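Welcome! Take a look at the chain below, then work through the exercises with their step-by-step solutions.

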Amino acid sequence: MTLYLTIIIIANIVIDILNVVFGCGVWYEIVLWTAFSTLVAFLIDLLLAVFIRKMPEKLFCPEKKIFTIFDFEKKLYEKTGIKLYKDKIPELGKYSGFRKNHVAEPKNPQYLYRFMTECCYGEVIHLISVPLGFIAMFCMPKALWLTSGVYVAIVNAILCILPFFVLRYNRKKLSVLYKFATRKKDKNV
């Protein structure tokens, strides 16, 4: 979480400095509007997460066609350097009652299925947060939409798309574990 807050603060400072240097307004107004826009983007993400978590679990079944993970995705995520950043992204599963920072029961099919379902919830939340974050730019004066607001939205989009990549990358591995655990359980019955 500290890394994300640091990125947000640094991004806001850079956006503010560039706006002041290029004469896009009075410095204190730029700082206030950029901070306000960042807060709005955060609140949009938070409200979306709460709303989606209230939706029925049956909508987030990992075997639904919409949640299919394609073979090319693993290579795509690895090209983004996912192995370098996947463990640095904050895991907020503790707020929904299911931590996803490690696989606690790799041989338990019910646990693995639940883990994959939680990943599907997270994927939807993070993917929808990307375009909705652009709403925040409309909460500032029109003169700052393209010089400040759009950059706040882009930072928000990057901070949302990276967890989406991690969730999909990990869910592919979880599905392999799940198939193995299910076969093993079927053999023991």
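**Exercise 1.** Does Arg53 count as buried, partly exposed or exposed, and at what relative accessibility?

*Solution.* Start with what you are looking at: this is a predicted model, where local features need pLDDT of at least 70, side-chain atom pairs count only at pLDDT 80 or more, and totals for chains, interfaces and linings use all residues. Residues are numbered from 1 along each chain as its sequence is written, and side-chain values use heavy atoms, with hydrogens and water left out.

Next, recall the classes: buried means under 20% relative accessible area, exposed means over 50%, and partly exposed lies in between (1.4 Å probe, protein chains only). Arg53 has 25% relative accessibility, so Arg53 counts as partly exposed.

**Exercise 2.** Describe the overall build of the chain.

*Solution.* Begin with the secondary structure. Helices (H or I, at least four residues) and strands (E, at least two) are DSSP runs, numbered from the N terminus. The chain has 6 helices and 0 strands, which read along the sequence as α-α-α-α-α-α.

Then take the dimensions: the C-alpha trace spans about 70 × 35 × 25 Å along its principal axes. Of the 189 residues, 37% count as buried.

Finally, look at contacts (heavy atoms within 4.5 Å). Among those with a separation of 6 or more, 75% are between residues 24 or more positions apart.

**Exercise 3.** Which residue of helix H5 forms a salt bridge with Arg53, and which parts of the chain does the pair tie together?

*Solution.* First, the rule: a salt bridge is a side-chain nitrogen of Lys or Arg within 4 Å of a carboxyl oxygen of Asp or Glu. The structure holds 9 of them. In one, the side chains of Arg53 and Glu118 meet at 2.8 Å, N to O. Arg53 lies in helix H2 (residues 27–53) and Glu118 in helix H5, so the pair ties together parts that are 65 residues apart in sequence. Glu118 has a relative accessible area of 2%, so this residue is buried.

**Exercise 4.** Which salt bridges does Arg168 form with Glu73 and Glu123?

*Solution.* Take Glu73: the closest N and O atoms of this residue and Arg168 are 2.7 Å apart. That pair links Arg168 in helix H6 with Glu73 in helix H3 (residues 71–79), 95 residues apart. Both Arg168 and Glu73 are buried.

Now take Glu123, whose side chain meets that of Arg168 at 3.0 Å, N to O. Here helix H5 is linked to helix H6, the two residues being 45 residues apart. Glu123 is buried, with a relative accessible area of 2%.

**Exercise 5.** Which residues make up the largest nonpolar core, and which helix gives the most to it?

*Solution.* A nonpolar core is a set of buried Ala, Val, Leu, Ile, Met, Phe, Trp, Tyr and Cys residues joined through side-chain atoms within 4.5 Å. The largest has 10 residues: Tyr4, Tyr77, Ile82, Tyr85, Ile89, Leu159, Phe164, Phe165, Val166 and Tyr169. Helix H4 (82–85) and helix H6 (145–188) each give two or more residues to this core, and H6 gives the most, with 5 residues. A second, separate core of 9 residues includes Leu112, Cys119, Leu174 and Ala181.
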